[in-house]
Amino acid sequence: MTRPKDPHLRPSGPLPLLFTALLGMLAACSPAPAPAPAPSAAPAAKPAAAPAKASAPVAQVTIGGEDAAETVERWQPPAVTLVDDDVVQARRDAARAFEEDRLYRTAEDAIPIWLALLQHDPKDRVAEAGLKRARQRLLQEASALLERPLKQREALAQASEMALVLLTLAPDDPKVRELQSRVEIAQRVVAYNRAGEDDLRADRIGEDGDGAIPNFREALALDADNPRARQGLAAAESALIRRAETAALAADFATAGTWLAEAAKVRDSSITIADAFERIETIRSDTLARLRNEGLRDLATPQGLKPARQKLEDALRIALPGDPVVGQLRERIELVTHYGSFRPRQVFSDALRDGGRGPQMIVVPHGGFQMGAAENELGATDAEKPAHYVRFERGFAMSITEVTVADFRRYVQATKARPRATRRGHSIVYDERSGNFVRRSGVDWQSDYNGAEAIANLPVMHVSVRDAENYATWLSEQTGRSYRLPSEAEFEYALRAGSSGRYPWGDAGTPPARAGNFTGAEDVSPSGRHWYNAFVGYGDGYWGPAPVASFDPNPWGLHDIAGNLSEWVADCWHASYRRAPSDGVAWFNPGCRQRVIRGGNWANAPAQTRAAWRQSQDSDTTSARIGFRLVRGI
């Protein structure tokens, strides 16, 4: 920090540095002696032949109110020589110089002439009166100079020069001593202000106690209303605010906050600080909006997830808690991470190359669940245990309904496929006369549960697991997307839809109304048969599969996943869940013949409608109780 030495300190050497600087300044600022005017008559007071300035005598003066005396240079009046017959003219010359405000700089000025007159005659009353008037004028002019707001250095130099003259003329005059003290304070104030301004130019603002701010405060301690020092503090505050804004533009808002806090300490300027805070917060908001927009653009590109996460990290570093703009980017990244370009519960269907549309799909939320039956679950088998946690880090799309006869017909017609029951010439149907399931010839995917012709919006049945997989392969080729059978974990996760009860709807022993096509005690076959083992008090109005979406969807928007038809899944059969995958992928062994069906159907016992129920089926099986639905990657 550039800081002047305090003139109040008792000197240890010769002259105090500040006063030495003052004298040097006075020497630099004092004008050269003015040339003598052309006289209309020979002046009585003439400069002596000797040098105008003799060796300066010394005097004892007190500086800045200290009691210690210091040796300083006094003003030395220019030498004026008088002779007896020149006194009257000298008085006239002094009076004229006084009127013209020529007081002390040359031998033709008022004070040197009056001093010469007093030297010639110590009792010269005219000279005494003149010197008194001159002192009063110097006091007035010096005081006015000290109050002048502009060109302070020049004004202070003149006032200091006048003070030296007055100290020489009347060293014990209280008013002179007061003026001298004011001059010294003004010198110190100017010195502190200049030091503070030098510090500002060197970017030494002084927030750490060493720089411009302490200098300006020292100046204000001497002169509480000094406008230059107040302006200096305002400039220091502005410099700190600029630092804060520069840091904010560099996205370093922690540093910006530090600088702004330092700026708030400089002076009582709450409005200025509040305005700066608003500007910095605007920079923060603009920066966050830019990061969000750039992150969203990244997410629209195939490899954009990583750079978008970096944008989020940058945004979190500068955002205030709960910032909604950051929340938007975080939410979008979460969506892309778990759902790609989709959203949870979004419904869509893919276009086929032949101009049709694929099955309607819905996006299943990502998450985790406890798969399998609890240890003490009534009706559970060892094949459904041990219960284990499965988590899906990414959502998936599942067909809202079971694949329909119309969906499957498009595949068969397009590929000339011959599904298993068609090639074999028979399948398993329900026989109304006996009330049993029997093998019947001429039944295939085009048939209903009883062998009759199936309508288009019935779920397709009488298909093997390989028929289902072949349909998924064709659909993938048609759409350019990846369709497949769901894994067993995906199926149970979607069937439970966030619940954890014994049944898909919870633990109640009777399904809610319109929950699905189950074996209800109220159901009646065409010949008047009733189910022997059924949900008491429940009836859905169907004996056999119902057209898809005839009942209410489950909480995740899926129809018929708990009833209507049991469904093929991708897994091979395993007698328990020991060592089962925890990430939800299909547990598949190449070449296995025993596959898994999941979900209740229109003709199975209530225990087989439980959420954890699973059963082994030969991969060639075709039946009026088994269909399928698909999953698509997202």
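**Strands, a buried loop residue and a helix pair**

Strands β14 and β15 run antiparallel and are joined by five bridges, and within this pairing Arg 598 has Arg 614 in β15 as its bridge partner. The model in which these strands appear is a predicted one, and the description below starts from the sheet to which they belong before turning to other parts of the chain.

That sheet is open and consists of four strands in the order β15-β14-β13-β16, with mixed pairing. Its edge strands are β15 and β16, each of which pairs on one side only. Moving across the sheet from β14, one comes to β13, and these two strands pair in the antiparallel sense over three bridges; here Cys 572 has Arg 595 in β14 as its bridge partner. The parallel part of the mixed pairing is found between β13 and β16 (residues 626-627), which are joined by two bridges, and Glu 567 stands opposite Gly 627 in β16.

How far is strand β13 enclosed by the rest of the structure? Since a residue counts as buried when its relative accessible area is under 20%, the strand can be judged residue by residue: seven of the seven residues of β13 (residues 566-572) are buried, so the strand is largely enclosed by the rest of the structure.

The loop between β14 and β15 (614-618) contains Asn 604, a residue that counts as buried because its relative accessibility is 4%. Leaving aside residues up to four places away in sequence, Asn 604 touches Thr 519, Ser 566, Gly 599, Thr 609 and Trp 613. One of these contacts, Ser 566, belongs to the residue range of β13.

A second sheet is also open, with five strands in the order β5-β6-β9-β17-β12 and antiparallel pairing. Its edges are formed by β5 (347-348) and β12 (483-484), each pairing on one side only. At the β5 edge, two bridges join β5 to β6 (residues 361-364), and the two strands run antiparallel; in this pairing Val 347 stands opposite Ile 362 in β6.

Helices provide a further example of packing. Two packed helices are described by the angle between their axes and the distance between the axes. For helix α4 (residues 125-147) and helix α5 (residues 152-169), the axes come within 9 Å and cross at roughly 150 degrees. Because angles over 145 degrees count as roughly antiparallel, this crossing makes α4 roughly antiparallel to α5. The crossing in which α4 passes α5 is left-handed. On the α4 side the contact is made by Arg 135, Leu 138, Leu 139, Glu 141, Ala 142, Leu 145 and Leu 146, while α5 contributes Ala 155, Leu 156, Gln 158, Ala 159, Met 162, Val 165, Leu 166 and Leu 169.

Taken as a whole, the chain has 16 helices and 17 strands, and buried residues make up 50% of its 634 residues. Of the contacts in the chain with a separation of 6 or more, 66% are accounted for by residues 24 or more positions apart.

The confidence of the prediction varies along the chain. Its mean pLDDT is 88, and 88% of the residues reach 70 or more, whereas pLDDT stays under 50 over residues 5-71, for which the model has 100 contacts beyond four places in sequence. Where pLDDT is low, the predicted coordinates should not be read in detail.

Technical notes. Residues are numbered from 1 along each chain as its sequence is written. This is a predicted model: local features need pLDDT of at least 70, side-chain atom pairs count only at pLDDT 80 or more; totals for chains, interfaces and linings use all residues. Side-chain values use heavy atoms; hydrogens and water are left out. Buried means under 20% relative accessible area, exposed over 50%, partly exposed in between (1.4 Å probe, protein chains only). Two strands pair if DSSP finds at least two bridges between them. Contact means heavy atoms within 4.5 Å. pLDDT is the predictor's confidence in each residue, from 0 to 100. Axes are lines fitted to C-alpha atoms, for helices over the stretch in contact, and angles run from 0 to 180 degrees between N-to-C directions. Angles under 35 degrees count as roughly parallel, over 145 as roughly antiparallel, 65 to 115 as roughly perpendicular and the rest as oblique. A crossing is left-handed if the near helix is turned anticlockwise from the far one by less than a right angle, and right-handed if clockwise.
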